Amino acid sequence: MDKLEVKNLKLYYYTSKGVIRGVDDVSFSLGPGETLGVVGESGCGKTTLGTALLNMPTPPGKIVGGEILLDGEDILKLTENDLRKKIRWEKISMVFQGAMNCLTPVYNIRKQMMETIQFHREMEKKEAEERIKKYLNLVGLSEDVLRRYPHELSGGMKQRIVIATALFLEPKIVICDEPTTALDVVVQAQIINLLKELKEKLNLSFIFITHDLSTEAEVADRIMIMYAGKVAEIGTNQQIYGPQGAAHPYTQMLMAATPRLHQRVDNLAFIPGTPPDLLSPPSGCRFHPRCPQVMERCRIEEPRLTEIEPAHTVACWRCFHE
Amino acid sequence: MSEFILEVENLKKWFPIKRSLGELLRGQRRWVRAVDGISFKIKQGEAFGLIGESGCGKTTTGKLIMKLLEPTDGQIVFKEKDVTCLNSEELQEYRRGVQMIFQDPYASMNPRFRIREVLSEPLYIHKIGTTEKEKMKLAAKALQEVKLTPPEEFMDRYPHMLSGGQRQRVATARTLILSPSFVVADEPVSMVDLSTRAELLQMMKEVQHVLGLTYLYITHDLSTARYFTDRIAVMYLGKIIEMGSADEVIDHALHPYTKALIAAVPEPVSGKVGIIKEVPIKGEIPSAAEIPQGCRFHPRCLYAKPECWDQEEPELFEAEPGHFVACRRYKEIKKDSINEKVG
């Protein structure tokens with residue numbers, strides 16, 4: 001059975017200018033021990049989706065529809081108190097974007113990590129510290145960092161601390177929002193390796209949110225491409241990156257726009273135009289104003305996510321016409 | 001005229017560290033050696049990439065060339081003229097010819113200025129164009145050059161009404177309006193969305209060909225550097241450790257640090273999920289206040305031998321035609337890595 005199943009999730013932001021449909025009718029599932037990659041440009045709703053999975057939308061956002069089933073239980077129906085005590089960090093935890101800014105500069109690391117553990121578990125201080133040390137070792141840090149303050153640590157070390165904090169209540173699902181974006185390539189590779197090791201050791205499932213198709217290829221078993229609050233395509237790593245290639249024109253174009261290190265290209269492709277304003281998204285398929293393969297039908301009718309081969313679903317009229 | 005537009009010779013920038021009372025009394029001084037003696041030459045009309053991790057001194061180098069910082073030591077020669085020390089008049093003249101595109105398009109523009117004001121400000125400073133009409137004509141031309149057309153549509157907008165990519169275009173237009181011959185681009189696309197990144201780079205390339213510009217492209221991203229630049233220099237802790245044509249350095253890297261950087265870059269190819277990638281490097285970058293003895297890379301190098309830390313620091317030398325490296329043991333390392341692959 002699926003660990004996490006999301007059905008028709010909708011999260012709208014109610015601003016003074018109108019309703020922004022940040023996440024609009026998104027469905028997917030996450031199996032145990034699986035990594036799902038969520039890719040999209042800024043403003044496509046990928047971070048919004050992450051906060052929605054913990055049922056903590058950023059105001060003025062509200063979850064207006066859908067279900068998030070964790071082992072069959074809809075977490076959207078739980079009270080705030082139950083969510084805090086039973087779901088957040090206990091079952092689903094999140095590593096937020098920009099580790100540098102997640103830690104408070106006025107507490108040392110020991111105090112920050114202790115706070116999380118003591119809120120959730122009634123534990124002796126000593127026992128809690130043992131546990132913190134165990135997880136610090138797991139992420140490759142020495143106990144020495146406990147008495148340090150965030151400004152004394154490098155970006156990579158801070159990211160490791162945030163990951164350890166996300167893990168030590170033993171959740172089964174971890175949402176990572178751009179965990180490597182602010183880091184240097186070498187540190188990025190080290191963090192990716194760490195996440196892979198942890199996945200093996202602790203049998204975790206990851207939701208890995210990023211804008212970078214290249215890192216996603218290295219971590220995700222399945223990839224979900226989002227565009228303007230909607231899912232454009234979901235496929236396995238092989239289906240998206242394999243020789244046959246992705247099916248949705250947006251995915252194909254993103255892929256072509258990604259510069260490769262080991263190939264010399266003279267003209268890199270790009271996607272003309274900019275992502276739509278979600279206050280008034282275009283009619284029909286939301287990608288149609290930028291799509292080179294647009295048809296008449298795309299302008300009028302919105303394509304639904306449809307399976308084109310096992311485990312590979314696409315929302316594009318082109319793909320199920322021919 | 002010489003083939004080189006910019007020549008940098010043994011450039012240094014050391015920042016003093018605030019001293020404790022004890023150090024003050026003992027007369028000790030400590031420095032952060034952000035840029036620690038670098039030399040390179042940039043040819044007329046080429047795109048030269050400066051690559052490195054954060055804290056390696058690449059942005060400081062850019063600022064030194066822009067004359068936003070005074071160098072501690074060394075020499076900068078621009079168009080065969082020594083520009084290391086300039087008075088304010090000469091500086092203004094210099095800055096007309098050398099312009100900069102900053103990393104953050106959200107912070108580099110005054111939010112209260114309309115685009116027309118953003119673009120005409122450099123004209124006021126450099127007293128170009130007598131009438132308002134003339135200035136607007138120049139602004140419109142610059143907007144056309146960066147493909148923001150029709151220009152009238154953008155003139156009266158504020159920066160917040162533009163996307164990141166469009167802002168970066170306006171920033172480019174603002175540098176082009178003074179018709180410079182040299183542009184320092186400090187991570188111009190790192191904050192721009194992937195789908196528009198390529199478009200922006202392509203526009204910058206086109207402008208380069210049309211106007212005969214020379215770029216210094218500063219970045220941490222090897223993939224865009226390969227796409228955008230002709231030659232690259234890799235920096236580590238304030239020193240250039242490898243330099244050569246972009247293809248040559250990336251395909252046949254000689255220095256172990258460059259090799260590690262290249263190995264760490266993720267690639268959009270399937271079938272890598274299960275693999276724990278080996279990055280041939282140890283630990284993290286040390287502080288520029290305490291630079292290791294000998295070769296400054298040795299504490300992180302997998303191939304380091306006593307000669308690397310006992311002897312003096314290796315200087316940059318030409319290992320292959322046009323390909324420079326600062327590593328004593330690059331030949332042995334090369335053999336090693338070939339053996340590993342065969343074995």
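User: How do you know that chain B and chain A are in contact?
Analyst: In this predicted model, 42 residues of chain B are in contact with 47 residues of chain A. Contact requires heavy atoms within 4.5 Å, and these residues meet that limit. The two chains bury about 4,000 Å² between them, with 56% of that area on carbon and sulfur atoms. On the chain B side, Leu194(B), Pro268(B) and Val273(B) lose the most area to chain A, together 17% of what that side buries.

User: Which helix of chain B gives the most to the side that touches chain A?
Analyst: Helix 8 (194–211), helix 9 (222–228), helix 10 (246–251) and helix 11 of chain B each supply at least two residues to that side. Helix 8 gives the most, with eight residues. By class, the side of chain B that touches chain A has 18 nonpolar, eleven polar and 13 charged residues.

User: Why is the pair Glu218(A) and Lys277(B) called a salt bridge?
Analyst: The N to O distance between their side chains is 3.4 Å. The rule asks for a Lys or Arg side-chain nitrogen within 4 Å of an Asp or Glu carboxyl oxygen, so the pair qualifies. Glu218(A) lies in helix 7 (residues 213–219) of chain A and Lys277(B) in the loop between helix 11 (256–264) and helix 12 (306–310) of chain B, so the bridge joins two chains. Glu218(A) also forms a salt bridge with Lys272(B), where the closest N and O atoms are 3.7 Å apart. Across the interface the rule finds two salt bridges, and there are eleven residue pairs in polar contact between the chains.

User: What makes Glu218(A) and Lys277(B) buried or exposed?
Analyst: The relative accessibility is 3% for Glu218(A) and 17% for Lys277(B). Buried means under 20%, so both residues count as buried.

User: How do you know that Glu41(A) and Arg290(A) form a salt bridge, and what does the pair tie together?
Analyst: Their closest N and O atoms are 3.3 Å apart, and the cut-off is 4 Å, so the pair counts. Glu41(A) is in the loop between strand 3 (35–39) and helix 1 (46–53) of chain A, and Arg290(A) is in the loop between helix 9 (249–257) and helix 10 (296–300) of chain A, so the bridge ties together parts that are 249 residues apart in sequence. Glu41(A) has 4% relative accessibility and is buried; Arg290(A), at 7%, is buried as well.

User: Why is Arg110(A) called partly exposed, and what is the class of Glu129(A)?
Analyst: Arg110(A) has a relative accessible area of 29%. That value falls between the 20% and 50% limits, so the residue is partly exposed. Glu129(A) is at 18% and counts as buried. The side chains of Glu129(A) and Arg110(A) meet in a salt bridge of 3.1 Å, N to O. Glu129(A) belongs to helix 4 (residues 125–138) and Arg110(A) to helix 3 (residues 109–120) of chain A, so this bridge ties together parts that are 19 residues apart in sequence.

User: How many salt bridges are there over all chains, and which residues of chain B are linked in a network?
Analyst: The count is 34 over all chains. Arg33(B), Asp36(B), Arg296(B) and Glu313(B) are linked in a network of salt bridges.

User: What makes the bond between Pro59(A) and Pro60(A) cis?
Analyst: Its omega is about 5°. Pro60(A) lies in the loop between helix 1 and strand 4 (61–70) of chain A. Most peptide bonds are trans.

User: What is the sign of phi at Asn8(A) and Lys127(B), and where do these residues lie?
Analyst: Phi is positive at Asn8(A), near 45°, and positive at Lys127(B), near 50°. Most residues other than glycine have a negative phi. Asn8(A) is in strand 1 (residues 4–15) of chain A and is partly exposed at 36% relative accessibility. Lys127(B) is in the loop between helix 4 (115–125) and helix 5 (132–145) of chain B. At 72% relative accessibility, over the 50% limit, Lys127(B) counts as exposed.

How values were computed:
Residues are numbered from 1 along each chain as its sequence is written. Chains are lettered from A and ligands numbered from 1 in the order in which they are written. This is a predicted model: local features need pLDDT of at least 70, side-chain atom pairs count only at pLDDT 80 or more; totals for chains, interfaces and linings use all residues. Side-chain values use heavy atoms; hydrogens and water are left out. Helices (H or I, at least four residues) and strands (E, at least two) are DSSP runs, numbered from the N terminus. Buried means under 20% relative accessible area, exposed over 50%, partly exposed in between (1.4 Å probe, protein chains only). Buried area is the accessible area (1.4 Å probe) that two parts lose on being put together, summed over both. A polar contact is a pair of N or O atoms within 3.5 Å; within protein, one must be able to donate a hydrogen and the other to accept it, and residues adjacent in sequence count only if both atoms are side-chain atoms. Ala, Val, Leu, Ile, Met, Phe, Trp, Tyr, Cys and Pro count as nonpolar, Asp, Glu, Lys and Arg as charged, and the others, Gly among them, as polar.
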